[in-house]
Amino acid sequence: MLACLALAFDPAPASAQTPGVKGPVPTGLPQRMLVGLFEEAGQTWMRDSGVPWDVRYRYFTKGWVDNWGWGQRDGSWGKAFLQESDAQGFLPAPIFYQLFAEPGGGEGETLAKVQNAATMRGYFGDWKLLLQRAKEHGKPVLLLVEPDAVGLLQHQTNSNPQTYAAIADTGLPELAGLPNTVAGWGLAFLQLRKAVGANNVILGLHVSSWASGKDISCCSLTDPLQPEVDKVVRFLEPLGLKTNVTGATYDVLVGDPLDRDADFYKLTRGQDVWWNASDSAAIASRSFNRYAEWLRLMNQTAGKRWVLWQIPLGNTQHRNINNDGTPRAGYRDNRTEYFFGPNGDAHRRKFANAGVIALLFGAGAGGQSTYVNDLGTDGQPYLESHAAPFLDAGGLTLPAPGTTLPLPGGDAGTPTPPDAGTGDAGTGDGGTGGGRGHGFETSLEGWTSAGASLQSATLSTARAWSGTRSLAVPFTGTAGNGVVSVLGAAVPSGAVITFHVWIPTGSAITAIQPFALEGAASNWRYTGRWTSIGQLQTGAWNTLTVALPANSNAPLYQLGVELTTSGGWTGSLHLDDITW
């Protein structure tokens, strides 16, 4: 394990468990991780490969309803794609991607389009036709809704889901009872599924990694993740993530790790979006660990599983050229190697524990790598040859709600614990100067607090674990993450650090995370464990311990506790007797 935490309600010890995955696997899907590909209608590569792929997806852009002018305007082309996919042995997964091609502009006019009653009348009329054809199909259909549209709406409404949108104003009778708001726009997809009776349709709502205003996957790397997750979930809840007037919610969340090969961005746009695949990569880095932790926190907060879609197909053997169909044409990436390379089992389990139930691979634009000519070092098509043994053997059984999968080798696939808020951490005043811990009897001993949710830490005689004083950590009433910490703690290799934490009754604290951050000599290794308030005793002292790796380096760069609150509370938490 990269980190080990024992937890006790003093005086009787009890072991703590990492929170299990939340939300069920939707009805109609198997209880195992699905693997799928993009394929155009009429093509048969997936079938002819002999690999038992699970899912076949395709974009349904504006014009699909009459086969872009080549058929009747009745959605029969869409139904034919569903039937064709099923006949070849695959779960059909239409990507409803119509809004940006509606008249009135592009992505920058997303809000303006949903505020246009005539546009929305035709738009939701097309959606209704798709649901009708899916209902007639009579078998499960995975239907993913409007990539990036919700993230754009969050930006363009300044995160106000009550902004006007033309929903009841469309005049469609099925939508008459919905509010004329952006929240109502999200509910309209659910309401029409209900009205049509398309109970075989599994609905996925797309969540962009930049929806909060900070792109957690490539750019805002030192920002704590939970506040960004909370911003997105608060916006999404009235759109259909929580109980609403339709009587149903979205079944899954949908994410895209990247829409093009990583080196395409580097070579054509000068952008570095390559993810570090190391299992020890810090959460505050451009890495698979950071993305997995964002997925996990979204799963824990929203209670929904994930479908990952449009995963780039480049591997490290590609020639970094525009794909002309020749061997290894296309741009380099490492996502197929991450999930199906030497540590693929550990990585798939890590992502399953973060809530992922499906990995769908496909190029999001022309010129990118594809599974047709993605040759590896052995000269074989990489994804085809590496996914086949996994799927032939039956795949990976997903964790049941409240549980996690065991990880091979002890720690290869262990999700790195949530970020310690390094972007907001306090600077301290020179560290501890050695010793066996912190008792706070005479001074703050270098401990400081930082983050909008916390005021400055002070000494207090109000309560103490031992002696007469403790470190009081006052809260401001602002929701989010705060960190109370010290620099330079001289904790020896492999030591067990004990924290005593007093949590007042009725606080807005939702999670506590003790942590240790090593310096550059250990590649900024982070050790800690997120602990929900439900695992802690309020109105009492709690004992939490973090065991450092046997090869940890002293002194630590930072030792501390991250505190997450939901806001609206101004009391104080106390720390005392932090020892090793």
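Which residue's backbone oxygen lies 2.7 Å from a polar atom of the side chain of R290? It is S220 whose backbone oxygen takes that place, and the views below begin there. The model is a predicted one, in which local features need pLDDT of at least 70 and side-chain atom pairs count only at pLDDT 80 or more, while totals for chains, interfaces and linings use all residues. Residues are numbered from 1 along each chain as its sequence is written, and side-chain values use heavy atoms, with hydrogens and water left out.

**View 1. R290 and its partner S220.** The backbone oxygen of S220 and a polar side-chain atom of R290 are 2.7 Å apart, a polar contact being a pair of N or O atoms within 3.5 Å, of which, within protein, one must be able to donate a hydrogen and the other to accept it, and residues adjacent in sequence count only if both atoms are side-chain atoms. R290 sits in helix α9 (residues 288-302), where helices (H or I, at least four residues) are DSSP runs numbered from the N terminus. With 1% relative accessibility, R290 counts as buried (buried means under 20% relative accessible area, exposed over 50%, partly exposed in between, with a 1.4 Å probe and protein chains only).

**View 2. The disulfide of C218 and C219.** The sulfur atoms of C218 and C219 are 2.3 Å apart and form a disulfide, defined as a pair of cysteine sulfur atoms within 2.5 Å; by this rule the count comes to one. The torsion about the S-S bond is about -65°, so this disulfide is left-handed. C218 is buried, at 11% relative accessibility, whereas C219 is exposed, at 53%.

**View 3. Helix α4 (residues 117-137) and its ends**. At 1.5 Å a residue, taken times one less than the number of residues, the 21 residues of α4 should span 30 Å, which agrees with the 30 Å between its end C-alpha atoms. At the start of α4, a side-chain oxygen of N116 comes within 3.0 Å of the backbone nitrogen of A118, and after the helix comes G138, with a positive phi near 80°. Buried residues of α4 include Y123, F124, W127 and R133.

**View 4. The largest nonpolar core.** This core (buried Ala, Val, Leu, Ile, Met, Phe, Trp, Tyr and Cys residues joined through side-chain atoms within 4.5 Å) has 116 residues, and among those touching the most other members are W53, F124 and W127. Helix α6 (residues 182-196) gives the most to this core, with nine residues. Apart from it lies another core, of 33 residues, including I497 and W580.

How values were computed: Helix = DSSP H or I, 4+ residues; strand = E, 2+ residues; numbered from the N terminus.
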